[in-house]
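I opened this notebook to keep track of what I look up in the structure. Entries follow in the order of looking.

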Amino acid sequence: MNDKILVGISACLMGEPVRFDGGHKRLSFAMEDLAPYVRFQPICPEMAIGLPAPRPSMRLNKDPAGEITLRIGKPGEETDLTPAMRQFSLNKCQQLGDLCGYIVCAKSPTCGMERVRVYDHAGARKNGVGIFTETLMRQLPWLPVEEDGRLQDPLLRENFVGRLYTLHEFNQLLRQPLTRDAMLAFHRRYKLLLLAHSQSEYRRIGPFVAAMDQWDSLEAFALEYRLRMMKLLAHKATRSNHTNVLMHVQGYFHRYLTLKQRKELTLLIDSYRQGVQPLLVPITLLKHYMSEYPDTWLAQQRYFEPYPEALRLRYGQ
């Protein structure tokens, strides 16, 4: 996983002056923390359909029949941009199959992911999705998509980056001659990470993988696996699930550790469970024991290094 990951991004979040007021919303996490590891593909849907910057503000309208439209200009003098924006969005999404993630601009009537203002006869309701982002999530349902504002949340940030790296590795697998053994090896490598995100969903995906040979096409199976895996990883990893994973790993070292070492590890895991210690602390000790008492299966688990440690995403968990 050494080559840079391709990530789409709202152009304004890169600092480009493309917003309606001629300004930008540069996202420092993207441009300073993520930039060394990813290759951004900036897109501004408004500029792409020929609008200038600055420009009149836009908004989503909901008519009595429930149809959502994108309009620009003052009330009563508005221009309907819906057909142009929907056509651009559809065409553009057909070109984005290589992306491993997308960061969109919150509250935007084209790029917002949630709680975008929608105007109707009763006023404004914060229950809309930007037209471009709605199309993106419908056309590429496996793709990790997050808003700039939500990425301020440490758990959502870690979840998003983890999904970027997982999808990147899986997409690399798809570019190779696909084999049953390669698919099984990938699934085994991600077992602990998947369990940390959702034990119930992991139990469902297991029988699906076991039935791989019943599919006429291995490629079709792989695409369905990608969808199910990415939906599973969209669940935030919980402290309870992490604790169960850590205890599972602890069992691998039971016969090697002294009573004192076992007690120390148990206390660290329990301190993490109670929120006293960050996840990084018990994982660091487990990785130490992995180097002292090597285990091939554990060494392959992506759980221990799902992304570069320099991103410091597990410090706050």
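Entry 1, terms. I take helices as DSSP runs of H or I with at least four residues, and strands as runs of E with at least two, both numbered from the N terminus. The model is a predicted one.

Entry 2, a cis bond. With those runs in hand, I placed Pro54 in the loop between helix 2 (45-48) and strand 3 (58-62). I then checked the bond that joins Ala53 and Pro54: this peptide is cis, with omega at about 5 degrees. I noted it because most peptide bonds are trans, and most residues other than glycine have a negative phi.

Entry 3, positive phi. I looked for non-glycine residues with phi above zero. Arg115 has phi near 55 degrees. I found Arg115 in the loop between strand 6 (102-104) and strand 7 (116-120). Arg312, also not a glycine, has a positive phi of about 55 degrees. Arg312 sits in the segment after helix 13 (296-300). Is Arg312 buried or exposed? Its relative accessibility is 51%, so I log Arg312 as exposed, the cut-off being over 50%.

Entry 4, a buried acid. I went to helix 5 (residues 154-174), which holds Glu169. Glu169 has a relative accessibility of 9%, so I count this residue as buried; the limit is under 20%. Which side chain does Glu169 meet in a polar contact? The partner is Arg189, at 2.9 Å, side chain to side chain.

Entry 5, the core. I pulled up the largest nonpolar core and got 96 residues. Among those with the most contacts inside it are Tyr102, Met183, Tyr225 and Phe304. Helix 9 (residues 218-233) contributes the most to this core, namely eight residues. I then listed what Phe304 touches, leaving out residues up to four places away in sequence. The list includes Leu192, Val249, Ile283 and Met290, as well as Lys287 and Arg314.

Entry 6, the whole chain. I counted 13 helices and nine strands in the protein chain. The C-alpha atoms fill a box of roughly 75 × 50 × 35 Å along the principal axes. Of the 317 residues, 46% are buried. I get an accessible surface of about 15700 Å², with 50% of it on carbon and sulfur atoms. For contacts with a separation of 6 or more, 66% link residues 24 or more positions apart. Last, I compared charge centres: the mean positions of the 42 positive and 33 negative charges lie 4 Å apart.

Terms used
Residues numbered from 1 in each chain as written. Predicted model: local features only at pLDDT ≥ 70, side-chain atom pairs only at ≥ 80, totals over all residues. Heavy atoms only, no water. Core = buried A, V, L, I, M, F, W, Y, C linked by side-chain atoms within 4.5 Å. Buried < 20%, exposed > 50% of the residue type's maximum accessible area, 1.4 Å probe, protein only. Contact = heavy atoms within 4.5 Å. Areas by Shrake-Rupley, 256 points an atom, 1.4 Å probe, with all protein chains shown as cover. Lys, Arg positive; Asp, Glu negative; His and termini not counted. Charge placed at Lys NZ, Arg CZ, Asp CG, Glu CD. Polar contact = N/O pair within 3.5 Å; in protein donor to acceptor, adjacent residues only side chain to side chain.
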